[in-house]
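Trainee: I'd like to practise reading a model feature by feature. Could you take me through one?

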Amino acid sequence: MNSDANKPSRTDHPTSLEELGRRLSAVLDKFDTRQDAAAVAQRSTDQLAKYTKAAAQPPFIPLARLCEVEGGRMEWLASGQGEMLMSSMNLMRDAEGYSS
């Protein structure tokens with residue numbers, strides 16, 4: 001019996017470039033245009049497309065800029081865990097009676 005059959009593929013792992021690209025695409029969709037996102041990231045729209053297609057590994061600083069402007073969480077972008085947006089976390093905290 002092949003023990004590798006039950007293992008997730010490397011491209012399905014939450015930290016794979018493919019999965020990161022999918023999450024980055026969701027962050028980019030928060031911007032009005034890809035040009036706006038490219039300006040914030042200080043990258044070309046072509047370079048952002050390479051990141052979303054897993055053709056290149058994005059550096060940290062452009063990702064941090066994108067998340068900061070749109071309220072995205074770096075932890076979610078990196079791992080897929082938790083809420084995508086800071087505002088979602090704040091709403092959950094407020095609903096549970098926690099203060100910021």
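**Reading the turns, the helix pair and the core**

Mentor: Let's begin with Ala54, which counts as buried because its relative accessibility is 19%, and the cut-off for buried is under 20%. Keep in mind that this is a predicted model.

Trainee: Where does Ala54 lie?

Mentor: Ala54 sits in the loop between helix 3 and helix 4.

Trainee: And what should I look for in the backbone there?

Mentor: Look at phi. Most residues other than glycine have a negative phi. Ala54 has a positive one, near 60°, and is not a glycine.

Trainee: Which loop holds Gln42?

Mentor: Gln42 is in the loop between helix 2 and helix 3. Its phi is positive too, about 60°, although Gln42 is not a glycine.

Trainee: Is Gln42 buried or exposed?

Mentor: Gln42 counts as exposed, because its relative accessibility is 53% and exposed means over 50%.

Trainee: Let me step back to the fold. How many helices and strands does the chain have?

Mentor: The chain has 6 helices and 0 strands, so from the N terminus the order is simply α-α-α-α-α-α. Of its 100 residues, 27% count as buried. The chain exposes about 6,700 Å², and carbon and sulfur atoms supply 50% of that area.

Trainee: How do I describe a pair of packed helices?

Mentor: Two packed helices are described by the angle between their axes and the distance between the axes. Try helix 1 (residues 17-28) with helix 3 (residues 45-52): their axes come within 7 Å and cross at roughly 135°. Helix 1 and helix 3 are therefore oblique to each other, since angles over 145 degrees would count as roughly antiparallel.

Trainee: Which residues of helix 1 and helix 3 meet?

Mentor: From helix 1 there are Gly21, Arg22, Leu24, Ser25 and Leu28, and they meet Leu48, Tyr51 and Thr52 of helix 3. By class, this contact has 4 nonpolar, 3 polar and 1 charged residues.

Trainee: What is the span of helix 1, end to end?

Mentor: The end C-alpha atoms of helix 1 are 16 Å apart, which agrees with the 16 Å that its 12 residues should span at 1.5 Å a residue.

Trainee: Which residues of helix 1 are buried, and what do they pack against?

Mentor: The buried ones are Glu19, Leu20, Gly21, Arg23, Leu24, Val27 and Leu28. They pack against helix 2 (34-41), helix 3, helix 4 (60-70) and helix 5 (74-79).

Trainee: Can we follow one of those residues into its surroundings?

Mentor: Take Val27 in helix 1, buried with a relative accessible area of 3%. Leaving aside neighbours within four places in sequence, Val27 is in contact with Leu66, Trp76, Leu77 and Met84. Val27 and Glu70 are also worth locating: 43 residues separate them in sequence, while their C-alpha atoms are 7.5 Å apart.

Trainee: Trp76 came up there. Which helix is Trp76 in, and what does it contact?

Mentor: Trp76 is in helix 5 and counts as buried, at 11% relative accessibility. Beyond its neighbours within four places in sequence, Trp76 contacts Arg23, Ala26, Val27, Gln81, Gly82, Glu83 and Met84. Trp76 and Met86, 10 residues apart in sequence, have C-alpha atoms 9.9 Å apart.

Trainee: How can I put a number on long-range contacts in the whole chain?

Mentor: Start from contacts between residues at least 6 apart in sequence: in this chain, 42% of them join residues at least 24 apart.

Technical notes: Residues numbered from 1 in each chain as written. Predicted model: local features only at pLDDT ≥ 70, side-chain atom pairs only at ≥ 80, totals over all residues. Heavy atoms only, no water. Axes fitted to C-alpha atoms, helices over the stretch in contact; angles between N-to-C directions. Helix = DSSP H or I, 4+ residues; strand = E, 2+ residues; numbered from the N terminus. Parallel < 35°, antiparallel > 145°, perpendicular 65-115°, else oblique. Contact = heavy atoms within 4.5 Å. Nonpolar A, V, L, I, M, F, W, Y, C, P; charged D, E, K, R; others polar. Expected span 1.5 Å × (residues − 1). Buried < 20%, exposed > 50% of the residue type's maximum accessible area, 1.4 Å probe, protein only. Areas by Shrake-Rupley, 256 points an atom, 1.4 Å probe, with all protein chains shown as cover.
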